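Me: I should like to go through this structure and ask, for each description, what justifies it. Please set the values against the criteria as we proceed.

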Amino acid sequence: MKFIEYLEEGNYLGLDSEKRLIRLGIKKELGRELMRRKSPQFVVSGSFEFEKFSKRPDFAIAQSLFTHLVESDIRLCLEKMRRFISPGGRFYATYLIADGSHVKPGSSRSHSHRGFQYPRAMVEDFGAKAGWRPKYIGDWGHPVNQMMVEYVAE
């Protein structure tokens, strides 16, 4: 939501699995005036149906999303976004990075109220296997220590 003010009209694309959350975001965060002026597009999808948008992004961000997803859902998102975005496009994602070399499971299913941690090598591998060139950015001042990874579409 914070980016929309800086984008040209029609260039904000938002996806969520729950229509209710999109409606709440428009009402409580975006507001009518910004909605009218910026004409964002929203898609409701629990399976990352980026192809439902009318245009392709140059940049995308998954802020506090992958921290709530199991590995298979992260891989699905990265694979589908890679097919959707043009070569050279950039996808930024935040993660809770696990100490050590093993995943710290929060559950066997993705869940909006549970957290998942992954080792740095694993989050880089998620992207590499989906056709991205990963670049670990790391600390970017997030209040709960989420780390940032940049994926560049190859």
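Reply: This is a predicted model. A suitable starting point is Glu150, a residue of strand β7.

Me: Why is Glu150 called buried?

Reply: The term buried applies under 20% relative accessible area. Glu150 has 9% relative accessibility, so Glu150 counts as buried.

Me: What makes the pair of Glu150 and Arg90 a salt bridge?

Reply: The criterion is a side-chain nitrogen of Lys or Arg within 4 Å of a carboxyl oxygen of Asp or Glu. The closest N and O atoms of Glu150 and Arg90 are 3.0 Å apart, so the pair qualifies. This pair links distant parts of the chain, with Glu150 in strand β7 (residues 147-153) and Arg90 in strand β4 (residues 90-97), 60 residues apart.

Me: Is Arg90 buried, partly exposed or exposed?

Reply: Partly exposed is the class between under 20% and over 50%. Arg90 has 28% relative accessibility and therefore counts as partly exposed.

Me: Which side chain makes a polar contact with the side chain of Glu150, and what makes the contact polar?

Reply: The partner is the side chain of Tyr92, at 2.7 Å. A polar contact requires a pair of N or O atoms within 3.5 Å, one able to donate a hydrogen and the other to accept it, so the contact at 2.7 Å meets the distance limit. Leaving aside neighbours within four places in sequence, Glu150 is in contact with Arg90, Phe91, Tyr92, Arg133, Pro134, Lys135 and Ile137.

Me: How many salt bridges are there by this rule?

Reply: The count comes to eleven. One of them joins Glu5 and Arg37, whose closest N and O atoms are 3.1 Å apart. Glu5 lies in the segment before β1 (13-16) and Arg37 in helix α2 (residues 32-38), so this pair ties together parts that are 32 residues apart in sequence. Glu5 has a relative accessible area of 40% and is partly exposed; Arg37, with 31%, is partly exposed as well. Glu5 and Arg37 also belong to a network of salt bridges together with Glu33 and Arg36.

Me: Why is the pair of Arg20 and Glu18 called a salt bridge?

Reply: The side chains of Arg20 and Glu18 meet at 3.2 Å, N to O. The limit is 4 Å, so this pair satisfies the criterion. Glu18 has 32% relative accessibility and counts as partly exposed.

Me: How do you know that helix α3 has the span expected of a helix?

Reply: Helix α3 (residues 71-84) has 14 residues and reaches 20 Å from its first C-alpha to its last. The expected span is 1.5 Å times one less than the number of residues. For α3 this is 20 Å, so the span of α3 is close to what is expected.

Me: Which residues of α3 are buried, and what covers them?

Reply: In α3, the buried residues are Ile74, Arg75, Cys77, Leu78, Lys80, Met81, Arg82 and Phe84. What covers them includes β3 (59-62), β4, β5 (117-118), α4 (120-129), β6 (132-139) and β7.

Me: What makes a set of residues a nonpolar core, and which residues have the most contacts inside the largest one?

Reply: The members must be buried Ala, Val, Leu, Ile, Met, Phe, Trp, Tyr or Cys residues joined through side-chain atoms within 4.5 Å. The largest nonpolar core has 28 residues, and those with the most contacts inside it are Phe66, Leu78, Phe91, Tyr95 and Tyr151. At least two residues of this core come from each of β3, α3, β4, α4 and β7, and α3 gives the most, with five residues. Not counting neighbours within four places in sequence, the contacts of Phe91 include Phe66, Leu78, Met81, Trp132 and Tyr151. In soluble globular proteins, nonpolar side chains tend to be buried together.

Me: How do you know that the chain agrees with a compact globule?

Reply: With 154 residues, a compact globule would have a radius of gyration near 15 Å; the chain has 16 Å, which agrees. The C-alpha atoms fill a box of roughly 45 × 35 × 30 Å along the principal axes. The chain comprises four helices and seven strands, and 36% of its 154 residues count as buried.

Note on methods:
Residues are numbered from 1 along each chain as its sequence is written. This is a predicted model: local features need pLDDT of at least 70, side-chain atom pairs count only at pLDDT 80 or more; totals for chains, interfaces and linings use all residues. Side-chain values use heavy atoms; hydrogens and water are left out. Buried means under 20% relative accessible area, exposed over 50%, partly exposed in between (1.4 Å probe, protein chains only). Contact means heavy atoms within 4.5 Å. The radius of gyration is taken over C-alpha atoms; the globule rule is 2.2 Å times the number of residues to the power 0.38.
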